[in-house]
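This report describes the fold, the nonpolar interior and the unusual backbone angles of one protein chain. The sequence and the structure are shown first.

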Amino acid sequence: MSVFNAYAQYYDLLYQDKDYAQEADFIHQLLKTHAPAAQHLLELGSGTGRHAECLAEWGYHVTGVERSEEMLARCGERQAEQASEIAQQLKFLQGDLREVRLEQTFDCVLSLFHVISYQTSNADLAAAFATVTQHLKPGGVFVFDVWYGPAVLHDQPQVRIKRLQNQNLAITRIAEPVLHPNDNVVDVNYHVLLQQLGTDTWQELRELHRMRYLFKPELELLLHQAGMDLVTCGEWMTDRPAGLDTWGVYFVAMKL
């Protein structure tokens, strides 16, 4: 089982406090500014489809590509619960964002929730950006967010404990990060305890999430090598200038 297949078991509960609707509104505002005619979006690393659903409510047609079978299955369950006019605007496919090739181009490609930071090698980043270029129309835009290098080094990651539960499941997740400064990578070691409430059933998971923190100049170079120019960047959700206290930074690039 891949790390993301195990992750899918409790993903929605773990991020139940994440405001996908507000994040979709932020993306909508970026598209109004940088791609006002955009209608057809490709989301690489679409997870359980929460961003795609909210963007469909704004009227966009969204194709999501997700590597994890379990995440994709959860997408299907959620899509079946949607109103038909929303569900018809959504399509989800299985694929690796470094390799997937669809016979279609889009007005915008999205890669959200730090999916690009999961591409930890230069080769993986170049492959991901080549996929983006392949699927963008000329003048189309690429919107993504990453762990921002200056902030990660200035305010280094710490051990965190998160506890959540719903009517069926209780979760305790301990995150222990290890910084590898010569590789621009943080290994986040997750120790997860899942309890089925009302029973004595427990499950223990250990996961390693390797995350690359990225800097604006290297992204400018990689984007340019892939045939895109950086248009703008700023703090995710606030649009403040990126700096030493902005771990999450969005970037907008345009296909040349």
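## Surface, fold and interior of the chain

The accessible surface of the protein chain amounts to about 12,100 Å², of which carbon and sulfur atoms contribute 48%. The structure is a predicted model. Of the 256 residues in the protein chain, 52% are classed as buried. The chain carries 20 positive and 33 negative charges, and the mean positions of these two sets lie 2 Å apart.

In secondary structure, the protein chain comprises nine helices and 11 strands. Its radius of gyration is 18 Å, close to the 18 Å expected from the globule rule for 256 residues, so the chain is as compact as a globular protein of that length. The C-alpha trace extends over about 55 × 50 × 30 Å along its principal axes. When contacts between residues at least 6 apart in sequence are considered, 68% of them join residues at least 24 apart.

The interior can be described through its nonpolar cores. In soluble globular proteins, nonpolar side chains tend to be buried together. The largest nonpolar core of this chain has 48 residues, and the members that touch the most others are Tyr-10, Leu-31, Leu-41, Leu-55, Leu-110 and Val-143. Helix H3 (residues 20–34) supplies the largest share of this core, with six residues. A second core, separate from this one, consists of 29 residues, including Val-65, Ala-128, Tyr-148 and Phe-251.

Val-143 illustrates how distant parts of the sequence meet. Beyond its neighbours within four places in sequence, Val-143 contacts Leu-30 and Leu-31, the run Cys-108, Val-109, Leu-110, Ser-111 and Leu-112, and also Phe-251 and Val-252.

Two residues deserve attention for their backbone angles. Most residues other than glycine have a negative phi. His-114, although not a glycine, has a positive phi, and Asp-239 is likewise a residue other than glycine with a positive phi. The table gives the values and the loop in which each residue lies.

| Residue | Phi | Loop | Relative accessibility |
|---|---|---|---|
| His-114 | about 65° | between strand S4 (106–111) and helix H7 (122–135) | 19% |
| Asp-239 | near 65° | between strand S10 (228–235) and strand S11 (248–255) | 44% |

Which of the classes, buried or partly exposed, applies to His-114? The limit for burial is under 20% relative accessible area; His-114 therefore counts as buried, at 19%. Asp-239, with a relative accessible area of 44%, is partly exposed.

Terms used: Residues are numbered from 1 along each chain as its sequence is written. This is a predicted model: local features need pLDDT of at least 70, side-chain atom pairs count only at pLDDT 80 or more; totals for chains, interfaces and linings use all residues. Side-chain values use heavy atoms; hydrogens and water are left out. Helices (H or I, at least four residues) and strands (E, at least two) are DSSP runs, numbered from the N terminus. The radius of gyration is taken over C-alpha atoms; the globule rule is 2.2 Å times the number of residues to the power 0.38. Buried means under 20% relative accessible area, exposed over 50%, partly exposed in between (1.4 Å probe, protein chains only). Contact means heavy atoms within 4.5 Å. Accessible areas come from the Shrake-Rupley method with a 1.4 Å probe; for residues, only the protein chains shown count as cover. Lys and Arg count as positive and Asp and Glu as negative; His and the chain ends are not counted. The place of a charge is taken as NZ of Lys, CZ of Arg, CG of Asp or CD of Glu. A nonpolar core is a set of buried Ala, Val, Leu, Ile, Met, Phe, Trp, Tyr and Cys residues joined through side-chain atoms within 4.5 Å.
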